[in-house]
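Visitor: I'd like a close look at one part of this model, with enough of the surroundings to place it. Could you pick a helix and walk me through what packs around it?

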Amino acid sequence: MTSTTAMPATAGTLPPSRRWAVLAVILAAEVLDLIDATITNLAAPTITASLHGGPSLVQWLGASYALALGVLLVLGGRLGDKYGRRRIFLTGLAGFTAASVVCGLATGPSMLIAARLVQGAFGALLIPQGFGILGAVFPRDQIGKAFSAFGPVLGLSAVGGPILAATLIDTDPFGLGWRSMFLINIVLGGAALLAAHHLLPRDPGDRTVAIDTPGSLLLAGAMSGLLYGLIHGSANGWRLTAWAALATGAVFFALFAHRQTTAANPLIQPSLFRNRGFVSGLALGIAFFAAVAGLLYVVSLFLQGGLGYSPLRTALTGSVPMAVGIVIASIACYRLIGRLGRTLVLIGLLATLAGTLGLWAAVHATGTATGPTVIVPAALVIGLGMGTCFGTVYDITLGDVTPTEAGSGSGSLTAVQQLANALGAAAVTTVYLHTPTRPAHAMTTSLLIVAAITLGCCGLVRLLPRAAQPQHH
């Protein structure tokens with residue numbers, strides 16, 4: 001998505017200790033984003049009860065963050081190229097931390113959703129800068145070693161994040177309850193900001209870099225209309241307002257698509273859409289990431305609302321086994337993708353399907369008497385499938401793109417993943433929340449929809465490129 005040419009060649013001048021300190025700062029920012037993107041999966045029932053927000057707040061909590069992050073992610077990378085990655089990184093981190101504080105102090109649903117949108121927007125400034133900064137700081141023979149630290153650190157965060165969030169809710173430090181999940185960023189974000197200010201090397205940027213602001217605004221309008229219509233319709237009935245929002249979103253999306261074919265510097269290179277493998281991978285990614293984002297939400301809602309689990313027990317029964325599976329599979333895929341290629345994507349989809357159907361069978365048979373001895377293994381298998389797909393889908397999708405298209409393609413896929421997370425969290429929870437008084441029925445219906453989408457994704461695998469490009473590994 002971004003190049004490393006806008007930053008001075010500092011790799012030879014920085015001492016090794018400072019290079020690794022820079023890596024630690026970048027990793028800290030990634031961890032903050034990962035945790036804040038996922039904590040609301042677990043905390044949604046508690047937050048909704050506290051703020052009397054109703055079903056729409058459950059849906060907007062995660063969707064608002066992912067929406068802003070996804071819409072602005074490519075734009076954030078371009079801003080770093082134009083104005084300097086250090087400057088945009090610091091701006092993003094400061095804004096992210098401030099928005100976290102507002103989230104923690106929110107007095108009502110509207111204030112919290114607005115703060116989550118702002119948090120996601122600043123996250124979109126923060127996240128794209130990391131790889132570019134590291135590419136300029138580390139010598140070429142060490143950059144692979146630096147990047148290899150991301151997997152284990154983010155994996156531990158994926159496991160530890162839900163446990164930390166649940167522990168904070170259950171222990172209720174200083175009587176803050178769920179608010180402590182956001183307010184802890186005063187310490188974490190503040191420390192990262194101070195370290196980044198002292199450690200990150202300065203870079204001037206390149207003011208000649210063009211930014212497609214109209215394209216970003218059209219995409220924002222499209223996704224906002226679609227999400228608002230979906231959530232408003234499910235919460236308040238499918239009246240004129242909901243349909244008008246959906247129609248408006250569709251119009252904006254059509255205008256965005258047209259803009260990408262006519263703009264001098266589009267967010268997505270039009271030539272990518274003439275590549276069958278890329279388009280197939282994009283479609284598969286949208287469907288799969290939407291399905292599993294919704295799945296993560298409804299599992300948490302079912303365990304807490306249907307089975308009466310505490311947030312910590314929910315994390316240990318559902319979130320942590322999935323995260324462990326994701327970490328194991330992601331590590332394994334790094335070694336297997338070169339040998340298996342797109343077959344690995346199919347294996348991941350089938351594992352996700354098996355785990356989802358296993359969980360469906362258990363809930364269908366025992367309802368709200370379903371126990372951890374069934375839920376934990378199913379969640380682990382789902383996590384193994386998700387991790388296999390997370391680690392391979394987009395690498396395979398980029399297998400046939402040209403070097404000049406790779407940056408645009410990679411950035412587009414990352415952004416689309418976030419937008420799919422937003423749509424999936426809203427769509428699948430819409431199904432679940434449609435029958436709130438019958439949690440077992442709501443859960444089985446939601447699981448069948450996730451299974452159907454995953455099965456549909458299996459049919460797209462044969463259209464993907466056979467293998468990833470070697471340089472992506």
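Guide: Burial is a good place to start: 54% of the 473 residues in the protein chain count as buried. Bear in mind throughout that this is a predicted model. The chain's secondary structure comes to 18 helices and zero strands. Its radius of gyration is 21 Å, close to the 23 Å that the globule rule gives for 473 residues, so the chain is as compact as a globular protein of that length. Along the principal axes, the C-alpha atoms fill a box of roughly 60 × 55 × 45 Å. Sequence-distant pairs figure heavily in the packing: of the contacts with a separation of 6 or more, 84% are between residues 24 or more positions apart.

Now for the close look, and let's make it helix α15. This helix takes in residues 372-390, 19 of them, and reaches 26 Å from its first C-alpha to its last, close to the 27 Å expected at 1.5 Å a residue. Its buried residues are I375, A378, A379, I382, G383, G385, M386, G387, T388 and C389. And what covers them? The cover includes α12 (276-306), α13 (311-340), α14 and α16 (393-397).

Take the α14 side of that cover. T352 lies in α14, which runs over residues 342-366, and has a relative accessible area of 0%, so T352 is buried. Its side chain reaches the backbone nitrogen of M386 at 3.4 Å. Setting aside residues up to four places away in sequence, T352 touches F288, V292, I382, G385, M386 and T454. Three of those names, I382, G385 and M386, should be familiar from the buried list of α15.

L380 gives you another view of the same helix. L380 also lies in α15, but with a relative accessible area of 32% it is partly exposed. Leaving aside neighbours within four places in sequence, L380 is in contact with P321, V324 and G325. There is a link back towards T352's part of the chain too: L380 and G355 are 25 residues apart in sequence and 7.8 Å apart in space, C-alpha to C-alpha.

Then there's C389, one of the buried residues of α15. Its relative accessibility is 0%. C389 is in no disulfide, and the nearest cysteine sulfur, that of C457, is 8.1 Å away. That fits the wider picture, as a search of the whole structure finds zero disulfides. Elsewhere in the chain, C103 is another cysteine with a relative accessible area of 0%, so C103 is buried as well.

Before you go, a word on charged pairs: the structure holds two salt bridges. In one, D81 pairs with R85, the closest N and O atoms being 2.8 Å apart, and both D81 and R85 are buried. In the other, the side chains of R259 and D212 meet at 2.7 Å, N to O. That second pair links distant parts of the chain, 47 residues apart: R259 sits in helix α11 (residues 240-262), and D212 in the loop between α9 (185-199) and α10 (213-236). The two partners differ in burial: R259, at 27% relative accessibility, counts as partly exposed, whereas D212, at 2%, counts as buried.

Methods: Residues numbered from 1 in each chain as written. Predicted model: local features only at pLDDT ≥ 70, side-chain atom pairs only at ≥ 80, totals over all residues. Heavy atoms only, no water. Disulfide = S-S within 2.5 Å. Buried < 20%, exposed > 50% of the residue type's maximum accessible area, 1.4 Å probe, protein only. Salt bridge = Lys/Arg side-chain N within 4 Å of Asp/Glu carboxyl O. Helix = DSSP H or I, 4+ residues; strand = E, 2+ residues; numbered from the N terminus. Polar contact = N/O pair within 3.5 Å; in protein donor to acceptor, adjacent residues only side chain to side chain. Contact = heavy atoms within 4.5 Å. Expected span 1.5 Å × (residues − 1). Rg over C-alpha atoms; globule rule 2.2 N^0.38 Å.
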